[in-house]
Amino acid sequence: MIDEVGRRHPGARSEVAAAAWLTVVPTDSLLFLVAYGEWSARMGLDDDHNIGETTLCAYTELHGGVLVLDDKNARKVATQYGLSVRGTVGLIADACCRGDCTVTGASVLVDDLHESGMRLPFPKGGFEQWAREKKLLG
């Protein structure tokens with residue numbers, strides 16, 4: 001999956017690999033490869049689209065936790081097969097509710113994500129309104 005990070009932004013791979021808060025985990029065990037094959041069929045993987053999502057689903061199925069996915073179709077499949085899924089913007093809204101950041105600060109962060117090319121379900125500047133309509137901000 002770390003290879004996917006550098007596909008569009010070559011310098012990003014080394015930055016992610018150097019991040020102290022991340023851990024690179026092995027994904028070459030037989031158990032993982034079997035799970036990956038099952039998730040690959042579930043995701044309809046037939047080219048390099050959704051490799052990262054497929055990898056994360058297989059890992060989460062084996063190790064538990066909350067899966068962070070933003071791709072709508074991948075989220076639907078993961079949820080259908082019983083994985084607990086959350087999106088990036090939902091995590092940011094959760095941080096606001098916990099008091100870890102302000103809505104204004106979160107809006108700036110989400111606008112930066114928007115400018116980076118991330119597809120979001122609202123226009124730039126629309127985080128707060130969207131999150132309130134979805135009842136994510138309490």
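Buried residues are those with under 20% relative accessible area, exposed residues have over 50%, and partly exposed residues lie in between (1.4 Å probe, protein chains only). By this criterion, V89, G90, I92, A93, A95 and C96 of helix α6 are buried. The model is predicted: local features need pLDDT of at least 70, side-chain atom pairs count only at pLDDT 80 or more, and totals for chains, interfaces and linings use all residues. Residues are numbered from 1 along each chain as its sequence is written, and side-chain values use heavy atoms, with hydrogens and water left out.

**Overall architecture**

The protein contains 8 helices and 2 strands, where helices (H or I, at least four residues) and strands (E, at least two) are DSSP runs numbered from the N terminus. Along the sequence these elements follow the pattern α-α-α-α-β-α-β-α-α-α. Taken along the principal axes, the C-alpha atoms fill a box of roughly 45 × 35 × 25 Å. Of the 138 residues, 33% are buried.

Contact means heavy atoms within 4.5 Å. Among the contacts with a separation of 6 or more, 31% are made by residues 24 or more positions apart.

The protein exposes about 9,100 Å², and carbon and sulfur atoms supply 54% of that area; accessible areas come from the Shrake-Rupley method with a 1.4 Å probe, and for residues only the protein chains shown count as cover. There are 14 positive and 19 negative charges, and their mean positions are 7 Å apart. In this count Lys and Arg are positive and Asp and Glu negative, while His and the chain ends are not counted. Each charge is placed at NZ of Lys, CZ of Arg, CG of Asp or CD of Glu.

**Helix α3**

Helix α3 spans residues 30–43. At 1.5 Å a residue its 14 residues should span 20 Å, and its end C-alpha atoms are indeed 20 Å apart; the expected span of a helix is 1.5 Å times one less than its number of residues. The buried residues of α3 are F32, A35, W39, S40 and M43. They cover an arc of only 145 degrees around the axis, which puts them on the same side of α3. Such an arc is that of the directions from the helix axis to the C-beta atoms. The face turned away from this buried side carries the exposed residues L30 and A41. The partners against which the buried residues of α3 pack are α4 and α5.

**Helices α6 and α7**

The buried residues of α6 pack against β2 (84–86), α7 and α8. Helix α7 (residues 103–115) has 13 residues and reaches 18 Å from its first C-alpha to its last, close to the 18 Å expected at 1.5 Å a residue. Its buried residues are V103, A106, S107, V110 and D111. Seen down the axis of α7, these residues fall within an arc of 140 degrees, so they line one face of the helix. Their cover includes α6 (88–98) and α8 (127–133).

S107 belongs to helix α7 and is buried, with a relative accessible area of 18%. Residues up to four places away in sequence aside, S107 touches F127 and E128.

**Positive phi values**

Several residues take a positive phi, and the table gives their places and values.

| Residue | Place | Phi |
|---|---|---|
| G44 | just after α3 | about 70 degrees |
| G99 | just after α6 | about 85 degrees |
| G117 | just after α7 | about 110 degrees |

K135 also has a positive phi, near 60 degrees, although it is a residue other than glycine. K135 is placed in the segment after α8 and counts as exposed, at 71% relative accessibility.

**Loop residues**

G82 lies in the loop between α5 (72–80) and β2. With a relative accessible area of 63%, G82 is exposed. G82 and H114 are 32 residues apart along the chain, and their C-alpha atoms are separated by 29 Å.

D47 is located in the loop between α3 and α4 (51–63). At 45% relative accessibility, D47 counts as partly exposed. Between D47 and L83, 36 residues apart in sequence, the C-alpha to C-alpha distance is 23 Å.
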